[in-house]
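Colleague: I would like to learn how to read the features of a protein model with care. Could you take me through one, feature by feature?

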Amino acid sequence: GEFSKIVAKLGGQDNAFTGQDVTSYFQRIAKEKLATVMDMEADRMVNLRLTDKEVLTERDVIIEERRSRIENNPSAILDEQMDAALYTNHPYGIPVIGWQIEMAKLSPKDALDFYKRYYAPNNAILVVAGDVTPDEVKRLAEAAYGKLPPNPHTARDKRPEEPEPRAARRVALSDPRAGKPSLSRDYLAPSYGTAAPGEAEALDLLMKVLSDGATSRLYRALVVDQELASSAGGAYDGSGLDGGKLTVYAVAADGNDLSKVETAMDAVIDDVAKNGVTPAELERAKNSYIAD
């Protein structure tokens with residue numbers, strides 16, 4: 001807990017998050033304290049000491065986190081099962097937090113082995129945003145991280161690839177806690193890291209028109225015009241190193257069958273696929289992104 005206490009005493013905030021491809025540690029700090037937190041992160045990169053008690057305590061914490069965020073949330077359970085069905089070969093089908101059966105077996109050695117393999121300056125990206133110049137940041141980075149030795153063992157095997165989908169996959173979850181019936185659909189798509197130039201940006205704008213907010217095609221058709229759904233939307237997830245996905249969803253309005261909702265959803269998607277979007281819709285989507 002000392003790391004966070006020091007950052008707080010310096011007047012800053014710190015936190016971390018984990019995704020499919022990266023673990024990120026970050027601080028928000030006054031400019032004159034930047035060198036201090038960079039030195040602390042450099043220290044954390046190579047000198048971490050993990051006691052058995054600390055690891056086992058944190059293991060209980062993440063198991064409880066999974067229980068509260070996933071096991072008690074039917075929507076999260078469904079999302080997890082859909083990812084497991086969507087990806088037949090790629091590890092993106094494994095939840096970021098892990099499967100409970102494996103989490104319960106994690107040992108201090110597992111944690112240290114992972115740390116020793118991946119935590120090294122040659123496997124890290126440093127991002128600094130704020131009232132600084134590139135030259136200032138480069139000087140501080142060289143002072144903090146330049147003295148750390150690279151780890152030749154961080155190199156990975158060839159990245160796994162997802163084969164071309166050959167059959168539709170459907171996952172059904174029945175849970176008394178779920179409330180209204182809902183329908184969700186995922187499509188494999190290129191990410192910003194794998195798309196051809198301009199393709200990911202086009203997907204982002206497409207999903208803005210198709211599924212983002214009350215003016216989107218999906219919402220207007222399913223909620224406003226046909227009154228089949230109480231909500232509808234979607235998004236493009238383009239942050240993956242090896243690929244992304246498009247998601248659309250709808251929650252059935254009272255008394256409406258999901259099959260009608262799905263038929264209406266397909267009609268909207270088919271119309272966009274065949275006829276595209278209007279110049280006005282595209283301009284509105286661009287302006288919305290620029291405003292964001």
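Modeller: We will go through the sheet, the helices that lie across it, the cores and the salt bridges, keeping in mind that this is a predicted model.

Colleague: What is the strand order of the open sheet, and how are its strands paired?

Modeller: A sheet is read by asking which strand pairs with which. Here 3 strands form an open sheet in the order β3-β5-β4, and the pairing is antiparallel. Because β3 (182-189) and β4 (229-237) each have a single partner strand, they stand at the edges, and one side of each is left without a neighbour in the sheet. From one strand to the next the twist averages 10°.

Colleague: How many bridges join β3 to β5?

Modeller: There are 8 bridges between β3 and β5 (residues 244-252), which run antiparallel; to follow one of them by eye, start at L188, whose bridge partner in β5 is K245.

Colleague: Which strands does helix α8 lie across, and at what angle does α8 run to β4?

Modeller: Helix α8 (residues 199-211) lies across β3, β4 and β5, and runs at about 175° to β4. Helix α10 (residues 258-275) lies across β3 and β5, running at about 35° to β3. The length of α8 can be checked as well: at 1.5 Å a residue, its 13 residues should span 18 Å, and the end C-alpha atoms are indeed 18 Å apart, so the two values agree. After α8 comes G213, with a positive phi near 90°.

Colleague: Which residues of α8 are buried, and what do they pack against?

Modeller: Burial is judged here by relative accessible area, with under 20% counting as buried. In α8 the buried residues include L203, L205, M207, V209 and L210, but also D204 and K208. The buried residues of this helix pack against β3, α9 (217-225), β4, β5, α10 and α11 (279-291).

Colleague: How many residues does the largest nonpolar core have, and which elements give two or more residues to it?

Modeller: The largest nonpolar core has 25 residues, and among those with the most contacts inside it are L210, L222, Y236, V248 and M265. The elements that give it two or more residues are β3, α8, α9, β4, β5 and α10, with the largest share, 6 residues, coming from α10. To see how one residue sits there, take L210: leaving aside neighbours within four places in sequence, L210 is in contact with S216, R217, L218, V248, V268 and V272. A second, separate core of 13 residues includes F3, V7, M40 and A42.

Colleague: How many salt bridges does a search of the whole structure find?

Modeller: The search finds 23 salt bridges, and for each pair one can ask where the partners lie in the chain. K109 forms a salt bridge with D113, the closest N and O atoms being 2.6 Å apart; as they are 4 residues apart in helix α6 (residues 108-118), about one helical turn separates them. K109 counts as exposed, at 56% relative accessibility, whereas D113, at 37%, counts as partly exposed.

Colleague: Where in the chain do D242 and R159 lie?

Modeller: The side chains of D242 and R159 meet in a salt bridge (2.7 Å, N to O). This pair links distant parts of the chain, with D242 in the loop between β4 and β5 and R159 in the loop between α7 and β3, 83 residues apart. D242 is partly exposed, with a relative accessible area of 25%, and R159 counts as partly exposed at 27%. Salt bridges can also form a network, as the one linking R170, R185, E262 and D266 does.

Methods:
Residues are numbered from 1 along each chain as its sequence is written. This is a predicted model: local features need pLDDT of at least 70, side-chain atom pairs count only at pLDDT 80 or more; totals for chains, interfaces and linings use all residues. Side-chain values use heavy atoms; hydrogens and water are left out. Two strands pair if DSSP finds at least two bridges between them. Axes are lines fitted to C-alpha atoms, for helices over the stretch in contact, and angles run from 0 to 180 degrees between N-to-C directions. Contact means heavy atoms within 4.5 Å. The expected span of a helix is 1.5 Å times one less than its number of residues. Buried means under 20% relative accessible area, exposed over 50%, partly exposed in between (1.4 Å probe, protein chains only). A nonpolar core is a set of buried Ala, Val, Leu, Ile, Met, Phe, Trp, Tyr and Cys residues joined through side-chain atoms within 4.5 Å. A salt bridge is a side-chain nitrogen of Lys or Arg within 4 Å of a carboxyl oxygen of Asp or Glu.
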